[in-house]
Amino acid sequence: MQIKPLIMGNQSVENNVFLAPMAGYTDFAFRTVALKLGYGLTFTELVSAKGLVYKGQGSVDLLKSDNKNKTSVQLFGSQPEFIKAACESEELKDFKFVDINMGCPVPKVFKNGEGSALLTDIIKAEKVVKAAVSSGKTISVKIRTGQKYGDDVATEFTKMAENSGASLVTIHARVREAYYSGEPDYNAVEKAKKAVKIPVIANGGIKSVKDANLMIDKTGADGVMLARGAIENPLLVCEILGKKSPLTLKEFIFSQLDLLSTQEGEERSAVLFRKFISYYLKGLAGIKEFKLKLCTATNVQEIKDILSNIF
Ligand SMILES: Cc1cc2nc3c(=O)[nH]c(=O)nc-3n(C[C@H](O)[C@H](O)[C@H](O)COP(=O)(O)O)c2cc1C
């Protein structure tokens, strides 16, 4: 794929390879180290607009960021007044980019009419986007292609986002029913891309340079967003950008652990790190015993010692 800068409204980003928002994964530590690898833009985990307005500590903590110019805050919510107030809040003062979540399939979010539920109500979704845009932030929207297999609302929602003042749309090329599995719907992304002038980023199933190239070839999208592929192989972004990684995988993980422990403390970090273990060790043979030790380690130094036996 061609690596190029993107214009988003009156802002620009250095390149068109983005790191996806992933709840529980793209926290401060992961994003900070990932940005050293060269992503054009990263996203916080989804943050409740209401939670921010009421200054909930859990919501505020998710905003922690070392590089606010390259971090977009992803908000979820369905009430335009809360979306606007969150965008205008003191906590978001130094962020330029805000992303609106219209893709989350999780029942807790969906039942409240938020996340992917907004894809069933374009009038409400439009009000949400317009409210965000009225705050003066540079707004992007992340959608799916619909609710059920066979749906395709990507074009109408991408057009709506553009007409409402959004500067970019990311399409997770799957329907809600598919959750996170199955082939991306290239056709839906291609149609949506052709219908608008703002940049369209394609997301879903990109785990290699070949996948990224295929996604761009098939859709004509302006860029790609890496999600699980970026956790399985944090250095994938450099392969796609066509540059040598400034970090080895071991250095990436150690930096992540160091940052995590400054934020969360040694013991809690060991627990939080567990969910990354299977991703990082995927495909490595003969490491069952190490994996078990990593999952029961109680502090960061212990994890580093075990990892030093693997890498
Ligand atoms: C554990 C996990 C957490 C996620 N959290 C979010 C989120 O907070 N906001 C969001 O828009 N998408 C979220 N997603 C969706 C991803 O951003 C991405 O759209 C999806 O995983 C498809 O890309 P992939 O096939 O390359 O993984 C999450 C996905 C996973 C697997």
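A salt bridge is a side-chain nitrogen of Lys or Arg within 4 Å of a carboxyl oxygen of Asp or Glu. Keep that in mind for the views below, which all come from a predicted model.

**View 1. Here's the one salt bridge between domain 1 and domain 2.** The partners are Glu232 and Lys282, whose side chains meet with N and O 3.3 Å apart. That distance fits the 4 Å cut-off, so the pair counts as a salt bridge. Besides looking for charge pairs, you can look for polar contacts: between domain 1 and domain 2 there are two residue pairs of that kind, both at pLDDT 80 or more.

**View 2. Now look at the side of domain 1 that touches domain 2, where helix H1 (28–36) and helix H10 (228–232) each supply at least two residues.** H1 gives the largest share of this side, with six residues. Sort the residues on this side by type and you get ten nonpolar, two polar and five charged.

**View 3. Step back a little and take in how domain 1 and domain 2 meet.** The domain assignment puts residues 6–241 in domain 1 and residues 249–310 in domain 2. Measuring from C-alpha atoms, the two centres sit 28 Å apart. Across the boundary, 17 residues of domain 1 are in contact with twelve residues of domain 2. How much area is buried between domain 1 and domain 2? It's about 1500 Å², and carbon and sulfur atoms give 75% of that. On the domain 1 side, Tyr25, Val33 and Glu232 supply 34% of the area buried against domain 2, more than any other three residues.

**View 4. This close-up shows another salt bridge, between Asp222 and Lys4.** The closest N and O atoms of this pair are 3.6 Å apart. Which parts of the chain does the pair link? Asp222 lies in the loop between helix H9 (209–219) and strand E11 (223–226), while Lys4 is in the segment before strand E1 (6–8). These are distant parts of the chain, with the two positions 218 residues apart. Searching the whole structure turns up 14 salt bridges.

**View 5. Finally, zoom out to the whole protein chain, with its 15 helices and eleven strands.** The radius of gyration is 19 Å, close to the 19 Å that the globule rule gives for 311 residues, so the chain is as compact as a globular protein of that length. Its C-alpha atoms fill a box of roughly 55 × 45 × 35 Å along the principal axes.

How values were computed: Residues numbered from 1 in each chain as written. Predicted model: local features only at pLDDT ≥ 70, side-chain atom pairs only at ≥ 80, totals over all residues. Heavy atoms only, no water. Domains from an automatic or database assignment. Contact = heavy atoms within 4.5 Å. Buried area = accessible area lost by both parts, 1.4 Å probe. Polar contact = N/O pair within 3.5 Å; in protein donor to acceptor, adjacent residues only side chain to side chain. Helix = DSSP H or I, 4+ residues; strand = E, 2+ residues; numbered from the N terminus. Nonpolar A, V, L, I, M, F, W, Y, C, P; charged D, E, K, R; others polar. Rg over C-alpha atoms; globule rule 2.2 N^0.38 Å.
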